[in-house]
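Work through the exercises below with the model open. Try each task before reading its solution.

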Amino acid sequence: MSDTPSDEDIVQLARQAGLVLPAQYVPELIEAYGHVHRMIGRVSKARPHGDEPAHVFVPSVFLQEESSS
């Protein structure tokens, strides 16, 4: 696959991800991928991914404590 994927490449990527769309949605997927592809190009590659901590949701932090009465 080249730096700029073809329409067929985009459909193949979607299928590999388990996304099978009806034909009428394929043009919308291709258009959306173009936006995402440009956005990825703007992400800085100067730092490794490990420098940014993951956003972690811990549900137990939000549980109400049970009263012991």
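**Exercise 1: Proline 5**

Place proline 5 in the chain and decide whether it is buried or exposed.

Solution. Proline 5 sits in the segment before helix 1 (7–16). The model is a predicted one. Next, take the relative accessibility of proline 5, which is 11%. Buried means under 20%. Proline 5 therefore counts as buried. Last, look across the sequence: proline 5 and histidine 37 are 32 residues apart along the chain. Their C-alpha atoms are separated by 9.3 Å.

**Exercise 2: Valine 61**

Do the same for valine 61, then find the nonpolar surface patch it helps to make.

Solution. Valine 61 lies in the segment after helix 2 (26–42). Its relative accessible area is 59%. The cut-off for exposed is over 50%, so valine 61 is exposed. The patch is made by Val56, Phe57, Val58, Val61 and Phe62. Its area is about 570 Å².

**Exercise 3: The whole chain**

Describe the fold and explain why the chain is more spread out than a compact globule.

Solution. Start with secondary structure: the chain has two helices and zero strands. For 69 residues the globule rule gives 11 Å. The radius of gyration is 20 Å, well over that value, so the chain is more spread out than a compact globule. The C-alpha box along the principal axes is roughly 65 × 35 × 20 Å. Now check burial: buried residues make up 7% of the 69. The accessible surface comes to about 6,600 Å². Carbon and sulfur atoms account for 57% of that surface.

**Exercise 4: Charges**

How far apart are the mean positions of the positive and negative charges?

Solution. Count the charges: 5 positive and 10 negative. Their mean positions are 9 Å apart.

Key: Residues numbered from 1 in each chain as written. Predicted model: local features only at pLDDT ≥ 70, side-chain atom pairs only at ≥ 80, totals over all residues. Heavy atoms only, no water. Helix = DSSP H or I, 4+ residues; strand = E, 2+ residues; numbered from the N terminus. Rg over C-alpha atoms; globule rule 2.2 N^0.38 Å. Buried < 20%, exposed > 50% of the residue type's maximum accessible area, 1.4 Å probe, protein only. Areas by Shrake-Rupley, 256 points an atom, 1.4 Å probe, with all protein chains shown as cover. Lys, Arg positive; Asp, Glu negative; His and termini not counted. Charge placed at Lys NZ, Arg CZ, Asp CG, Glu CD. Patch = residues over 30% accessible without salt bridge, like charges linked within 9 Å, V, L, I, M, F, W, Y side chains within 5 Å. Salt bridge = Lys/Arg side-chain N within 4 Å of Asp/Glu carboxyl O.
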